[in-house]
Amino acid sequence: MGVVGGGIEGLVYGSGEGRTREERKSAAESGALTGALFGGGLGVAGPVVGAALSGIGARRVAAPAAATARELGVKETALDLLSQAAGMDAPVAAERMARAGQYASLGQMGPATQNLLDLAASSTSPGAAIARQNIDEVAEAAGRQFFDLMDDTLGGPQAAAQLQDLLMESSAPARKAAYEAAYSAPINYADDAGRQLDDLLSRLDSDVINRAQRLMRIEGQPSRQIMAELDDAGNVLRYTTKPDVRQIDYITRALRDVSPTAAPEEKNALRGLASEIRSTLDQLVPEYKQARDIAGDVISLRDAIDFGADLLNPKIKRYDVAKAVKGMGASELNAVRQGLRSQLDEIMANTKAALSDPNQDAREMVKPLKDMLSRAGREKLQTILGDQAPEFLRQLDEVYSAASMRASVAQNSKTQIRKMAQDVVQDRIQPTIGQSIAERGGVVPAMAERIQGMMSTAPTRQQAFEELMGEIALPLTRQADLQTLQRQVGQLRRAAPQLQRAESIYEAGKRAGTYGAIGLTPAMQQLLGQR
């Protein structure tokens, strides 16, 4: 442009010099030549000089960004991408990395950074391979921490049904001894409580007595038959022989064993009568109350284990948990925790993941972790853990940050790697000589393109992409302490604007040099007498 502009300007001005046609022609040729020479020279030199001068200021502005790039081990393009992602994740970066704790890295700043890491770690570059190894090592450590945390806080990973069976087996001798002592104890029917018990037993009908007899026979209980006189309707008139403790215990069981199809009023009446009989017998035979307390403790522990197994079910409300836990003792609370632990182990054992998937453990952990770390899950855990909850939840946050990073990268890796492999193949497949001649329209263009390709050392588009992804992946998976990471996040947020301002200064210097060249061309012509 300098050659053409200077030549035209010199030609136009020179054509106006001289008196004759030959003189004007000579002046025009001389002016055009001089203008072209100066225009060409200044057209090159002007932008170069402007860029050199503005480059000093641009480097000064970009110096902090350059220092950040050196610290992270990346080049300008990678730094710009990281900086833009950091800017988008700025509102949540501090909170997310704080939750990651000992596993924190720049890749956990937020959604934008996570998406960038998913893409970078899925590439086939050496840097991405190292990044994936970093992610795997962190997730493996988080997995060990997760299971240790579960075992230390909630107990070992035994199934809820197994726990209940062990509980029943371990308590069986104590329960049997307590009931045998109660069954052998006499009942004083002459006492006020005895007369009240006799009155309650008179409310029974023959169906209840028959069911009680059948239960004793099935369980092989050594007891005489319940002797009672009945009226025509089957109601008890009187007992010819008063029932003993064993018989009354089975009568109350028969009362509580109500048909599911019975009316609600009948169910409530029969179960209420059973409760009255038991409480009255407790007063008459303290050994019976003690036996029921032991059995009740076992039942309550079984119920607590079941409750813990269902704790994370959305149908169990936070209020239900608070209400249930309010009246529990230490042993029942431990049973709730153990039930939760068994359910978590069951969830992970039933997770459907391919055996060839190296990220199976991470995916197994993510689902129960998400449930526990939801708002409802957190409040439920705080209810059953009490003072242990803050530390438990803090460690869960750390584990979830590491496991979710690994699982997230794994979800996109297969599709992304297939796409990259396809691009690599397309980059490397070369057409035959015949195909090149047909495509380029001749032997010479085809051979020229083939020779150019053989001599070129410039990387292909895929190679450049792989190199960039490798640069990005490493700093995103490099762990550091929270203070260092927060400082780097601040530097990254400022890097993109710094690079943009530096680029603007550099481009402005080139433009200024161009405008200077435009102005200097006629000035130089005038200085040499061409104008």
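1. Let's start inside the protein. A search for enclosed spaces of 30 Å³ or more gives a count of 1 cavity. Its volume is about 30 Å³. Keep in mind as you read that this is a predicted model.

2. Which residues line this cavity? Around the largest cavity you will find Tyr-103, Ser-105, Gln-108, Ile-135, Val-138, Met-405, Thr-477 and Gln-479. Sorted by class, the lining has 4 nonpolar and 4 polar residues, with no charged residues. Try picking these residues out in the structure, and notice how their numbers run from Tyr-103 to Gln-479.

3. Now step back to the chain as a whole. The protein chain contains 20 helices and 2 strands. Of its 531 residues, 41% are buried. The accessible surface comes to about 29,100 Å², and carbon and sulfur atoms provide 54% of that area.

4. How do parts of the sequence meet in the fold? Take the contacts in the protein chain with a separation of 6 or more: 75% of them join residues 24 or more positions apart.

5. Aromatic rings make a friendly next stop. A pair of aromatic rings is described by the distance of the centres and the angle of the planes. The model has 2 aromatic pairs. In one of them, Phe-146 and Phe-147, the ring centres are 5.4 Å apart and the planes meet at 70°; the pair is edge-to-face because an angle over 60 degrees puts it in that class.

6. Are Phe-146 and Phe-147 buried or partly exposed? Phe-146 has 0% relative accessibility, so it counts as buried. Phe-147 has a relative accessible area of 34% and is therefore partly exposed.

7. The rings of Tyr-179 and Tyr-183 also pair, with centres 5.7 Å apart and planes at 50°, so this pair is tilted. Both tyrosines sit in helix α6 (residues 160-183), and because they are 4 residues apart there, about one helical turn separates them. Tyr-179 and Tyr-183 are both buried.

8. Finally, have a look at Arg-271, which belongs to helix α10 (residues 264-284). Its relative accessibility is 36%, so Arg-271 counts as partly exposed. Setting aside neighbours within four places in sequence, Arg-271 is in contact with Leu-255, Arg-256 and Val-258. For a sense of distance, Arg-271 and Asp-257 are 14 residues apart in sequence, and their C-alpha atoms are 8.5 Å apart in space.

How values were computed
Residues are numbered from 1 along each chain as its sequence is written. This is a predicted model: local features need pLDDT of at least 70, side-chain atom pairs count only at pLDDT 80 or more; totals for chains, interfaces and linings use all residues. Side-chain values use heavy atoms; hydrogens and water are left out. Buried means under 20% relative accessible area, exposed over 50%, partly exposed in between (1.4 Å probe, protein chains only). Contact means heavy atoms within 4.5 Å. On a 1 Å grid over the protein atoms alone, a cavity is a set of points where a 1.4 Å probe fits but cannot get out, and a pocket is an open set with protein on both sides within 12 Å along at least five of seven lines; lining residues have an atom within 4 Å of a point. Grid points are joined across faces, edges and corners, and a volume is the space filled by probe spheres set on the points. Ala, Val, Leu, Ile, Met, Phe, Trp, Tyr, Cys and Pro count as nonpolar, Asp, Glu, Lys and Arg as charged, and the others, Gly among them, as polar. Accessible areas come from the Shrake-Rupley method with a 1.4 Å probe; for residues, only the protein chains shown count as cover. Rings of Phe, Tyr and Trp (its six-membered ring) pair if their centres lie within 6.5 Å; planes under 30 degrees apart count as stacked, over 60 as edge-to-face and the rest as tilted.
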